[in-house]
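Me: I am new to this structure and would like to know what the terms used for it rest on. Please show it and take me through one sheet.

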Amino acid sequence: MTHAMLKGSNIPLQATTVRAVLRWTPGSGVPDIDASALLLGPDGRVRSDEDFVFYNQPRHPSGQVWRLGKKRVAEGLTDTIQTDLSRVEPSVGRILLVASADGVTFDRVRSLRILVHDAASADAEPLAYFDVKPETGQETALICGELYRRGEGWKFRALGEGYSNGLKGLATDFGISVDESEGAEDPLSAPRSEPTFPPAQPGPAQTPATQPAPAQPVVDPEQPTTVQPLPGASRPLPPEQPAGVPAQPAYGFPQQPPATQPAYGYPQPAGAPGYGYPQAPAAAAGAQSGYGYPQPVTAAPDPDFRMPPQGPQFVGR
């Protein structure tokens, strides 16, 4: 279970080795944050300058407190201090966990949080976290929390105490000697022993390193270019006539009568009877045919033909 802590609250620690992770959200104008630790003796001060673990002195001589360095994670950037509590020297009663900005105030730092993890469970949820809020916004160093002895065990306390004179002023308050004389070598002012992350700047999305950009084809201006069809483009139309079918004449040209199928209304060739009518013998040469069908040759009128008697309605008056 992860404890969401308030300023001044504390929790007991069952883990023997813990990681204190500082995490913040980078961005334009956001300073780079450094994690450091001060090991304090019974009087609340460091025993020597070696009790200061920071970017230019990343490991304590005892080997029980050290920096893991910075990482970029999904939530932002982190800097981590790891401590083997079971082997810390008995004369050390408190270990301060500090965040410092390189000459920039903490009012420009977004979402600063300290998370305490059991180092033996790399993928487990944090034991506790504390959202660090600067009181004035002008702080350049913050004591985010502390690990301290309680009886035979250790506890973690959320603090959030700020210093406006930076990491140097905070370290001096706890007994670190800083020689400010001209020409003296000051480890706090010396160049960092590790590169820092630049602030994230808005810009176009970059191609992931694991996915190389597709190669662009080189076009020779002296050679003709062949246009390739785009994916999904329409395909060429099929031939107008399937194989084996005679081509049809184009529209607007004289049509030739079919070899075996005469047009409607014209004499039918021998051997091809018209539809639906009995066929008469072929007309004699020179006879005139009626429209559409050949007419049979008729005999001369009968001179003895007489009309039948008519009814009274047909008799002239």
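**The open sheet**

Reply: Six strands, an open sheet of 6 strands in the order S2-S12-S11-S8-S4-S5, are paired antiparallel. Strands are DSSP runs (E, at least two residues; helices are H or I, at least four), numbered from the N terminus. This is a predicted model, in which local features need pLDDT of at least 70, side-chain atom pairs count only at pLDDT 80 or more, and totals for chains, interfaces and linings use all residues. Residues are numbered from 1 along each chain as its sequence is written, and side-chain values use heavy atoms, with hydrogens and water left out.

Me: What makes S2 (10–13) and S5 (52–53) stand at the edges?

Reply: Each has a single partner strand, so one side of each is left without a neighbour in the sheet.

Me: Why are S11 and S12 said to pair?

Reply: Two strands pair if DSSP finds at least two bridges between them. S11 (residues 141–150) and S12 (residues 153–163) have 9 bridges, in the antiparallel sense, so the definition is met. Glu146 stands opposite Arg157 in S12, and Leu147 opposite Phe156. The two strands form a hairpin with 2 residues between them, and Gly151 in the turn has a positive phi of about 65°.

Me: How do you know that S8 pairs with S11?

Reply: S8 (residues 94–101) and S11 share 7 antiparallel bridges; Ser100 has Ala141 in S11 as its bridge partner.

Me: Why is S11 called largely enclosed?

Reply: Buried means under 20% relative accessible area (exposed is over 50%, partly exposed in between; 1.4 Å probe, protein chains only). In S11, 8 of the 10 residues are buried, so the strand is largely enclosed by the rest of the structure.
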